[in-house]
Each structure stands twice: as structure tokens, then as C-alpha cells.
Amino acid sequence: MIKLTTLSGNEFYLNTELVYKVEALADTVITLVDGKTLRVTESPEVIIDRIVQYKRKIYVGNLEV
């Protein structure tokens with residue numbers, strides 16, 4: 001999960017497996033696989049970087065046997 005910030009300044013954690021797409025509109029809009037949307041303060045680039053870092057932690061750890 002990655003930490004994000006709502007437009008009102010509240011922090012929350014998002015399950016990265018639920019992300020369908022991330023768009024840079026007036027705000028950054030995250031569309032989830034169920035069609036719900038979230039508006040956050042982070043840029044799409046920051047969100048993608050956090051997702052990649054999170055998944056690297058998970059998958060690289062599993063590759064080391």
C-alpha cells in the first residue's frame with residue numbers, strides 16, 4: 001500500500017492492486033478497478049514512483065532465496 005493525501009489534507013493508504021488508471025486533470029484523479037475515483041494532491045509521476053517502489057519491495061524480497 002502507498003500513502004497518499006486527499007485534497008483536504010487527510011492522509012490515507014491505497015492498495016495499489018486496485019488502481020486502474022491515474023490522470024493529471026485539474027487535480028490528480030485515480031480511477032479504481034471498480035470505477036470509483038479519488039482526487040489526491042500528489043502528481044501522477046509521484047504516484048507511479050511510489051507504486052514501483054512498493055512493488056519492488058515485495059517482489060525483489062521474494063526473489064532472494
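## The start of the chain

M1 sits in the segment before β1. The model described here is a predicted one. With a relative accessibility of 48%, M1 is classed as partly exposed, because that class lies between the limit for buried, under 20%, and the limit for exposed, over 50%. Leaving out residues up to four places away in sequence, M1 touches Y13, L14, N15 and Y54.

M1 and E23 are 22 residues apart along the chain. Their C-alpha atoms are separated by 19 Å.

## Overall layout

The protein chain holds five strands and one helix. In sequence order the pattern is β-β-β-β-β-α, with the helix coming after the strands. The C-alpha trace spans about 45 × 25 × 20 Å along its principal axes.

Of the 65 residues in the protein chain, 25% are buried. The accessible surface of the chain is about 4,700 Å², and carbon and sulfur atoms account for 53% of that surface. Among the contacts with a separation of 6 or more, 32% join residues that are 24 or more positions apart. The chain carries 8 positive and 9 negative charges, and the mean positions of these two sets are 2 Å apart.

## Strands β1 and β2

β1 and β2 pair in the antiparallel sense, over four bridges. Two of the facing positions can be named: K3 stands opposite Y13 in β2, and L4 stands opposite F12 in β2. The hairpin formed by β1 and β2 has five residues between the strands. In this hairpin, G9 takes a positive phi near 95°.

L4 belongs to strand β1. Is L4 buried or exposed? L4 counts as buried because its relative accessibility is 0%, and the limit for buried is under 20%. Not counting residues up to four places away in sequence, L4 touches N10, E11, F12, L14, I30, V40, E42, I47 and R50. E42, one of these, is 38 residues from L4 along the chain, while the C-alpha atoms of L4 and E42 are separated by 7.0 Å.

## The loop after β2

T16 lies in the loop between β2 (11-14) and β3 (19-24). T16 is buried, with a relative accessible area of 7%. Which residues does T16 touch, not counting those up to four places away in sequence? They are I2, I51, Y54 and K55. Y54 is also among the residues that M1 touches.

## Strands β3 and β4

The pairing of β3 and β4 is antiparallel and runs over five bridges. These strands form a hairpin with three residues between them. Within the pair, K21 stands opposite T31 in β4.

E23 is found in strand β3. The relative accessible area of E23 is 26%, so E23 is partly exposed. Beyond residues up to four places away in sequence, E23 touches T28, V29, T31 and P44. E23 and S43 are 20 residues apart along the chain, and their C-alpha atoms are separated by 8.9 Å.

## The nonpolar core

Which residues make up the largest nonpolar core? It consists of nine residues: I2, L4, L14, V19, I30, L32, V40, I47 and I51. The elements that give two or more residues to this core are β1 (2-5), β4 (28-32) and α1 (44-63).

I30 is one of the core residues. Leaving aside neighbours within four places in sequence, I30 is in contact with L4, L14, V19, K21, V22, K36, T37, L38, V40 and I47. Core members on this list include L4, L14, V19, V40 and I47. L4, also part of the core, touches residues that include L14, I30, V40 and I47. The core residues I2 and I51 are both touched by T16 from the loop between β2 and β3.

Methods. Residues numbered from 1 in each chain as written. Predicted model: local features only at pLDDT ≥ 70, side-chain atom pairs only at ≥ 80, totals over all residues. Heavy atoms only, no water. Buried < 20%, exposed > 50% of the residue type's maximum accessible area, 1.4 Å probe, protein only. Contact = heavy atoms within 4.5 Å. Areas by Shrake-Rupley, 256 points an atom, 1.4 Å probe, with all protein chains shown as cover. Lys, Arg positive; Asp, Glu negative; His and termini not counted. Charge placed at Lys NZ, Arg CZ, Asp CG, Glu CD. Core = buried A, V, L, I, M, F, W, Y, C linked by side-chain atoms within 4.5 Å. Pairing = 2+ DSSP bridges.
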